[in-house]
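Reader: I am in my first year and would like a close look at a single part of this structure. Please take the empty spaces and go through them slowly.

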Amino acid sequence: MNDATRPQRYRVDDLTGLLPHGGMRSALPGGNTVGGWIRESTARADGYRHVDTPATIAMLQEIGANHYFFGIWDSPTDWDDLRLEFAPAAQQAGIQVLPYIVPPTETFDWGRASRPYLLDFEAWAREFATLSLSYPALTGWAIDDFDVGDNATVFTADYLSRIRQAQQAINPQLAFFTCAYYESATSPEFLSRYAPFIDGIIYPFLDGPNVNTLVADSAPADIAAVTSAAADHDLAVIFLVYAGRFLDGVSAPHQDYVGTAVRYALEATARGEILGVVAYGLQVDGAPTIANERRSMYGDGRGSIASSHRPMPAGTWAELSCRVEVDPSSARHELSFWWSKIIELWRTPDRGDFVLQVLLDGALVWRADLHDATWLGLWAQGHSEQGQFDVSAALLGKSGATLSFRVTALRDVKDSSFDLGLDNLEAIGLTIPDPGFEDRTAWRTASSGGPIVARVDVFDDDRPARILDAVTAEYTKPNDV
């Protein structure tokens, strides 16, 4: 490939005045998420509900987006909706567009597929390049997951070279991307293999290699690691934040997580480190939170200590803790709680993998193998054979103590996933400020770092609206770029 014909950077600011706040602020409707598309309320003559282009453009403008990843997967009409309606409207509105299509692992005979060209990626390259000549707002395109499953056997160097040539013969300035998760995005072998054929990567942020949508503060470190690796191959980076569910995540993201992750990405954009950010699966249909995201026993909240299916060494831990008051005059000092766990059936913790410990000022007062917790969200009481367990020895002479619930890996664990719930604490002789985990600020979280994450999980029935507001607040915030 001739470097003279290869675009060195994605042209996010080629259209005059397109990015008034600087950098890409995008959204992507996800087929595996909920409520990302705005479709017309009734079917057309062909029997399909098409993309509501005017409403989508209005939504993008309202939230401060200057870019849109247009997914071609959910409906056989997506391609026609893009080329006949959305691309012209986006051009007029000054919103850039990046069509996003799927590889073999996401192409299904029963329906979902990138139609009409399916797995003929040379045809897609020609069609996107041709469309971009009519609508220069279409500045790039992407294929998902080059190296997931058997996709790498399709995307060989020879085939990618032909895809690239088909595109460049029509529009050599059109940019081409693929999705790359942390291991790939920081892998010299992956980047060396694909760098000759692409202009950049779309990096889905999942707390480094830990695979969760709960920890946002690792975003700067992730950006530094990914951009450093990509720069060695002259590849641009687009940062993807899960604003809707991630299928392998132990729990859905909430508004604080999304807003914080987007903010970090926009700060990196302002520094010129990345091209911008895309909010994936942003729910825009006005529907409430999915009911099964409420995992509490009573009320809206519960304590949660969860782990994604990642390898971890023995000693990895996370905990929830709070300060409790002790009544020295009480004849009894006892404690009980309720616990449950949600698991992926093929990644069930084995006996001896993890232990749940209840601690008072670091002294062990109760423990159980995590394998013994009830599963599928059923709640059971954590107590002794006599009911509440006696904690008098740990509180002798004290007026207060730190109560902690800690989950620890007892040995190296290769592939296990769980979400342990805690709720409805009951005590005699001590006062717990938030026994139902209804207040996110009442409990502190700590961890050794790694896949196990502790948090207070409070169900909000309007969480999608809160997430949309959080993205809007970041996208519409003035900056100096």
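Author: What follows describes the largest pocket, then the cavities.

This is a predicted model, in which local features need pLDDT of at least 70 and side-chain atom pairs count only at pLDDT 80 or more, while totals for chains, interfaces and linings use all residues. Residues are numbered from 1 along each chain as its sequence is written, and side-chain values use heavy atoms, with hydrogens and water left out.

The pLDDT, the predictor's confidence in each residue from 0 to 100, averages 91 over the protein chain, and 93% of the residues score at least 70.

Rolling a probe the size of a water molecule over the atoms shows where empty space is left. The search uses a 1 Å grid over the protein atoms alone. A cavity is a set of points where a 1.4 Å probe fits but cannot get out; a pocket is an open set with protein on both sides within 12 Å along at least five of seven lines; lining residues have an atom within 4 Å of a point. Grid points are joined across faces, edges and corners, and a volume is the space filled by probe spheres set on the points.

The largest pocket holds about 800 Å³ of space. Its lining has 37 residues, and Asp144, Asp145, Tyr181, Tyr242 and Phe246 are the closest to the centre. Helices (H or I, at least four residues) and strands (E, at least two) are DSSP runs, numbered from the N terminus. At least two lining residues come from each of α6 (182-185), β6 (200-204) and β7 (236-242), and α6 gives the most, with three. By class, this lining has 20 nonpolar, eight polar and nine charged residues. Here Ala, Val, Leu, Ile, Met, Phe, Trp, Tyr, Cys and Pro count as nonpolar, Asp, Glu, Lys and Arg as charged, and the others, Gly among them, as polar.

Turning to the cavities, the whole structure has two of 30 Å³ or more. About 150 Å³ of space lies in the largest cavity. Of the 14 residues lining the largest cavity, Ala243, Gly244, Gln283, Glu293 and Pro464 lie nearest its centre. Seven residues of that lining are nonpolar, four polar and three charged.

The second largest cavity has about 50 Å³ of space. Its lining includes Ala27, Leu28, Met59, Tyr68 and Val284. Eight of the residues lining the second largest cavity are nonpolar and one is polar, with no charged residues.
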